[in-house]
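Work through these exercises with the structure open beside you. Try each task before you read its solution.

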Amino acid sequence: MFNPKSNSLFSALLFIYGAVVINLEMEIKQASKYSIYNMSELEKTNKAGCYHCKSTFDTSEISETTDDGKTAMCPKCGIDSVLPDSSPFKIDKKTLTELNNYWF
Ligand SMILES: [Zn+2]
């Protein structure tokens, strides 16, 4: 039986779900913004995380850079996927794994 009330509720839920998914994807896309030309940001903080190998480390461990010294390379895996602690992303295992699943 067709019930217009539950149908509109379903549409509303679907809409909210869609909005959340799109929002999450937009956030994840932002991560690449923080992993390039990030040396000046990394100099202001002590901790950083890599969403390629999912490790966290002291920014003092970063010795390799690219883009004329403006982009940090991960001291553990050598990939330019380093997020400064000051980015909106938490550099914990959960977040780094989510980003890793999206980007790699
Ligand atoms: Zn790494």
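**Exercise 1. The core**

Which residues of the largest nonpolar core touch the most other members?

Solution. Note at the start that this is a predicted model. Step one: take the 14 residues of the largest nonpolar core. Step two: pick out those that touch the most other members, which are Ala31, Ala48, Tyr51, Val82, Leu83, Phe89 and Ile91. Step three: find the elements behind this core. α1 (4-35), β1 (47-50), β5 (82-84) and α3 (93-103) each supply at least two residues of it.

**Exercise 2. One core residue**

List the residues that valine 82 touches, leaving out those up to four places away in sequence.

Solution. Step one: set aside residues up to four places away from valine 82 in sequence. Step two: read off the rest. Valine 82 touches Ser35, Asn38, Ala48, Cys50, Ile62, Ala72 and Cys74.

**Exercise 3. Building the sheet**

Find the order of the strands in the open sheet, and say how they pair.

Solution. Step one: recall how sheets are held. Strands of a sheet pair through backbone hydrogen bonds, either parallel or antiparallel.

Step two: pair β1 with β2 (residues 56-58). Three bridges join them, and they run antiparallel. Alanine 48 has phenylalanine 57 as its bridge partner in β2. Lysine 47 has aspartate 58.

Step three: look at the link. β1 and β2 form a hairpin, with five residues between them. In the turn, lysine 54 has a positive phi of about 65°.

Step four: pair β1 with β5. Again, three bridges join antiparallel strands. Here glycine 49 of β1 is partnered by leucine 83 in β5.

Step five: put the strands in order. The open sheet of three strands reads β2-β1-β5, with antiparallel pairing. β2 and β5 are the edge strands, as each pairs on one side only. From one strand to the next, the twist averages 35°.

**Exercise 4. A helix residue**

Is valine 20 buried or exposed?

Solution. Step one: locate the residue. Valine 20 is found in helix α1. Step two: count its surroundings. Valine 20 has 10 other C-beta atoms within 10 Å. Step three: apply the cut-off. A residue is exposed if that count is 12 or fewer. Valine 20 is therefore exposed.

Now add a distance. How far apart in space are valine 20 and isoleucine 36? They are 16 residues apart in sequence, and 26 Å apart from C-alpha to C-alpha.

Notes. Residues numbered from 1 in each chain as written. Predicted model: local features only at pLDDT ≥ 70, side-chain atom pairs only at ≥ 80, totals over all residues. Core = buried A, V, L, I, M, F, W, Y, C linked by C-beta atoms within 7 Å. Buried ≥ 20, exposed ≤ 12 C-beta atoms within 10 Å, placed from the backbone. Helix = DSSP H or I, 4+ residues; strand = E, 2+ residues; numbered from the N terminus. Contact = placed C-beta atoms within 7 Å. Pairing = 2+ DSSP bridges. Axes fitted to C-alpha atoms, helices over the stretch in contact; angles between N-to-C directions.
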